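Biologist: Could you walk me through this model, beginning with how you decide what counts as a contact?

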Amino acid sequence: MLDQTRQIPIPPVEFRQLVGPTDPKYFDNPTGELVYPRIPSQYYRKVFDFGCGCGRVARQMALQKIQPEAYLGIDLHPGMIKWCQDNITPYAPQFQFMHHDVFYIGWNKESPNKTLAFPAEDHAYTLVTAISVFTHLEQDSAVFYFAEVNRILEEDGILHATWFLFDKADFPMMQDFQNALYINIPDPVNAVIFDKTWVVNEAKKHNLKIITIKPPVVRGGQWVLTMARLNHPSPEKTIPAMRATSGKSGNWMQRLGAKLKQI
Amino acid sequence: MTSIESNQLPYPPMEYRILVGPTDERYFDNPYRVVIFPYIANECFRAVFDFGCGCGRVARQLALQKIAPERYLGIDLHKGMIEWCQQNLTPKLPHYRFEHHNVYRVHMNRRLRKKITTLPFPAKDREFTLVNATSVFTHLVQDQAEFYHREVARILAEDGVYHGTYFLVDRDDFPMMLGNQNALYLNLTDPSFAVIFSKNWIYEEAHRNGLKIIHAIAPALRGGQWVIVMAHQSHPAPEVELPESVNAPVARYYEGEGTPLHPELKIIGLEK
């Protein structure tokens, strides 16, 4: 099986550019290790990849020594899904891909749907992964998909997702129902930053708690949160203070100085 | 200038006061007749342009100063408030004028045939010694703010000052903001509900328009409004850095449901 999956091609660069890192090493897994070292191997049995793009995670999982028994990747980009169906499934038949036909101004602008139910049965998956997905969902869409994750996750399954987070204590002008910050009005899902307390509370509403936290390497970057059912034996983790994270620092006025001279 | 007493000037009706922030009459009053922005030199109050004058809160306070403006022009997009000011303040203060600024806003001026979001100020170049914009740039999207910064620079007298309030963040906390993205929005239905700009951008904006920041007051509560005072580059006052605000007390608490706001928020008008 592994010999066959090693033949899976690297996606074309025009797709890679749209999903983030373009270097083929980010699509590879030469040692066959688990792609998320913090998540034990038993969770990789049945994987649902929400926002699978052009199959970066799929390719890496297909190259794991312990491969998933079943994998379903969905994405709103029809071209990427077609590429995955044509180039990954033939080498790894347990890897399936489906177009998730929801609207996005850049990639799927004809769709009338803001959200759609996952094409999955209740409690069907042991691992739901969503890399750079909740960072691009409006607040009401995020609530919808939290409910979907809760529905399709096995009783002992886990959600592995990335988030932009902020502390609402820094934004007292926000009302109780406003829990997301947006940077682009014409394209609101360009980037969406959620209040950390809201994420914790919304997870609980959907029977989930945070069990591992990986803060961003760069301040303001993506947080990796792993969530499990409330009755999972792992203790709930608390998201640390935002400013405790490392990253760009120093005097912003000094950095700005050179730029101001040019104006 | 003949001084006027507080009891000669009516207070705006409660329904207007609720829309602009603090409703208590003391926020519309000036019993000690002091200059309302004590960090601004008296001579700057000579000719005042009040961008977003609402129902005349600042106008009323200015009129009660010992050193009252010789000339005042207030503009606002709320037609009802402007009419109230014209009918209730101008008769007592003939050198105070109020004009409707007929631009679109979803909650206060939505009946425009065309969604005009910016209009030039009804003022000549270099006409005013003080331009005030309290809780205005906190409700303008970035391209509107850039338009109105140009207008501020245009109408500001060579020795005048601009006094505005802003919500500000450090862009380093939001590295996903790229290129010319310098504002955070929290309401997609009404993006002007509250707009938070990056600190870098406010400096760049000042420089782009031939201005510089000469005074800055950090919010009393974390995340509240900053007071920014700008002047032309030729002004003798030195440019200043924004002070740190990280250690300001937190205004919002997470004790139980409802997240009640800190009572002092009313003082700085955040409820607008």
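Modeller: Two residues are in contact if their C-beta atoms, placed from the backbone, lie within 7 Å. Please keep in mind that this is a predicted model.

Biologist: Fine, so what share of the contacts in chain A with a separation of 6 or more comes from residues 24 or more positions apart?

Modeller: Among contacts in chain A with a separation of 6 or more, 70% are accounted for by residues 24 or more positions apart.

Biologist: And how many helices and strands does chain A have?

Modeller: Chain A has seven helices and nine strands. Its radius of gyration is 19 Å, close to the 18 Å that the globule rule gives for 263 residues, so chain A is as compact as a globular protein of that length.

Biologist: Switching topic, which residues touch the most other members of the largest nonpolar core?

Modeller: That core has 133 residues, and those touching the most other members are Val128(A), Ile193(A), Val131(B) and Met230(B). Strand S5 (residues 153-166) of chain A gives the largest share of this core, eight residues.

Biologist: What does Val128(A) touch, leaving out residues up to four places away in sequence?

Modeller: With those set aside, its partners include Phe48(A), Phe50(A), Val149(A) and Leu159(A).

Biologist: Which residues of H5(A) are buried, and what covers them?

Modeller: The buried residues of H5(A) include Tyr145(A), Phe146(A) and Val149(A), and what covers the buried residues of this helix includes strand S4 (125-130), S5 and helix H6 (196-205) of chain A. Helix H5 (residues 139-152) of chain A has 14 residues and reaches 20 Å from its first C-alpha to its last.

Methods: Residues numbered from 1 in each chain as written. Chains lettered and ligands numbered in written order. Predicted model: local features only at pLDDT ≥ 70, side-chain atom pairs only at ≥ 80, totals over all residues. Core = buried A, V, L, I, M, F, W, Y, C linked by C-beta atoms within 7 Å. Buried ≥ 20, exposed ≤ 12 C-beta atoms within 10 Å, placed from the backbone. Helix = DSSP H or I, 4+ residues; strand = E, 2+ residues; numbered from the N terminus. Expected span 1.5 Å × (residues − 1). Rg over C-alpha atoms; globule rule 2.2 N^0.38 Å.
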